[in-house]
Amino acid sequence: MFTKILIANRGEIALRIIRACKEMNIRTVAVYSTIDKDSLHLTFADETVCIGGPAPKDSYLNIENIISAAICTGADAIHPGFGFLSENSKFAHICEECNIAFIGPTYQMIENMGDKAAARKLMIEAGVPVVPGSNGVVCTIHEALLVAKEIGYPIMIKASAGGGGRGMRIVFNENELEPAFLSASEEASLAFGDGSMYMEKYIQNPRHIEFQILGDNHGNIVHLGERDCSMQRRHQKVIEESPSPFIREDMRKEMGKAAIKAAQAVKYKNAGTIEFIVDKNNNFYFIEMNTRIQVEHPVTEMVTGIDLVKEQIKIAMGKKLDFTQEDINIKGSAIECRINAENPSKNFRPSPGQITAIYFPGGKGVRIDSHIYQDYTIPPTYDSMIAKIITLGKDRTEALSIMKRALSETVIEGIDNNIEFQLDLLHTKQFEEGTFDTTFIEKNLSKILGR
């Protein structure tokens, strides 16, 4: 049993983890940067430690300071949340060497699945369907030209160490390949410290479907159904839901089996997500595995009744899963809207600043995950997401009605935000019918914004 967990993160995910720990009677240590000294998660933690300046590299990415904080406070485990160091194999390895439990998979698993090119190779060997593409890292323009010729245009160039849409380019012909390859590699190098690239056939107008995985230290692996994350802007998720309105039951079972097979290929432990894209002919392909808790994990919790953060902690303690695949029962439908401090009408420009008034909705079927409060100042240093509104209904129609009502009740003043934009998306015919794909926002942005 852990006695004290340090949360190596900030914002709503840090608060989410602290809440789970409190319910498990585990003490918590919250770390923070100097600009986050007034962050809400510090109020609810048992101990707090400042780990550096506002820049992520000086604080939330500063491994030495975080490990020092854990040792000084006597924490016997670290939960990395999502983003920052959550998929950093070096960090996980150092935790292990310092006899501090890393609440996540082993550093070898993070390495295997974090390198997208290596993960692709593993999936091919395991018999999991993958998008046609390169067999591994593509090192030169000459090699890229040969791969593109073999698989055919359009192609997608992707950062091997990437995520969040960075280091990614779509190429429609040979003339575009070299500049796209070079710019993607440079962007990846700056973002991840690794400019290596791989290539895949670009699947046009796909759906993005991911399966939540839990694996314990005793060889048990289950999936908790799928999330539809197809409502995206520039490869960044905007709205997520579970179950998908697009997936038929026979396809759901087939994809679930593939997700389990993918996790078994690396003997996966803890929480993870197997991500697929689905083409217009309902063929699905593995694209990557996220070896951490996801931003959108609440929709899975809502429809399964399983607390994923608590399960992460119990798995890290060495406990067996106390349910099997047959025990997983999806009830109802859940939708999550990401609320960002940004101005959609000004190219989604970030909007840091002080919140002068705030009101979050309530009522049956509404969950709010957020760290903001009145007079809180949103720093300009980090991601613009400030809240997640999640709704649960007996079916998708009810979940959508509750979400429309909840967003309409929400008030956040003093900064720009995307609440009206989210409402506009929910009222489109395509969202209401569940017929959208990952290109929907880009193709319809002007119309959605009323231009």
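**Exercise 1. Find the residue that stands opposite V31 in β3, and place this pair within its sheet.**

Solution. Start from the pair itself: V31 stands opposite V49 in β3. The model is a predicted one, in which local features need pLDDT of at least 70 and side-chain atom pairs count only at pLDDT 80 or more, while totals for chains, interfaces and linings use all residues. Residues are numbered from 1 along each chain as its sequence is written, and side-chain values use heavy atoms, with hydrogens and water left out.

Next, go from the residues to the strands, which are DSSP runs of E with at least two residues, just as helices are runs of H or I with at least four, both numbered from the N terminus. Strand β2 (residues 27–33) is joined to β3 by 5 bridges, and the two run parallel; strands count as paired if DSSP finds at least two bridges between them.

Finally, widen the view to the open sheet, whose 5 strands follow the order β3-β2-β1-β4-β5 with parallel pairing. Its edge strands, β3 (47–52) and β5 (101–102), each pair on one side only.

**Exercise 2. Describe the surroundings of strand β1 (residues 4–7), including its faces and its bridges to β2 and β4.**

Solution. Take the faces first. In a regular strand the side chains alternate between the two faces of the sheet. In β1, K4 and L6 lie on one side and I5 and I7 on the other, and all are buried, where buried means under 20% relative accessible area, exposed over 50%, and partly exposed in between (1.4 Å probe, protein chains only).

Then take the neighbouring strands. With β2, strand β1 pairs in the parallel sense over 4 bridges, and I7 stands opposite A30 there. The chain passes from β1 through helix α1 (residues 11–23) to β2 in a right-handed β-α-β crossover; the term right-handed applies if, with the strands pointing away from the viewer, the path from the first strand over the helix to the second runs clockwise. With strand β4 (residues 77–79), β1 shares 3 bridges in a parallel arrangement, and the bridge partner of L6 is I78.

**Exercise 3. Explain why C50 forms no bond with the closest cysteine sulfur, and examine C98 likewise.**

Solution. A disulfide is a pair of cysteine sulfur atoms within 2.5 Å, and the structure holds 0 disulfides. The sulfur of C50 is 13 Å from the closest cysteine sulfur, that of C72, which is too far for a bond. C98 is likewise in no disulfide, the nearest cysteine sulfur being that of C95, 7.2 Å away. As to accessibility, C50 is partly exposed at a relative accessible area of 38%, and C98 also counts as partly exposed, at 31%.

**Exercise 4. Determine whether E311 is buried or exposed, and list its contacts beyond the local sequence.**

Solution. Locate the residue first: E311 belongs to helix α11 (residues 308–316). With a relative accessible area of 7%, E311 is buried. Once neighbours within four places in sequence are set aside, E311 is in contact (heavy atoms within 4.5 Å) with L214, I306, L321 and F323.

**Exercise 5. Work out the strand order of the open sheet of 3 strands, and identify its edges.**

Solution. The order is β7-β6-β8, and the pairing is antiparallel. Because β7 (168–171) and β8 (197–201) each have a single partner strand, they stand at the edges. Inspect one pairing in detail: strand β6 (residues 155–159) is joined to β8 by 5 bridges, with M197 in β8 as the bridge partner of A159.
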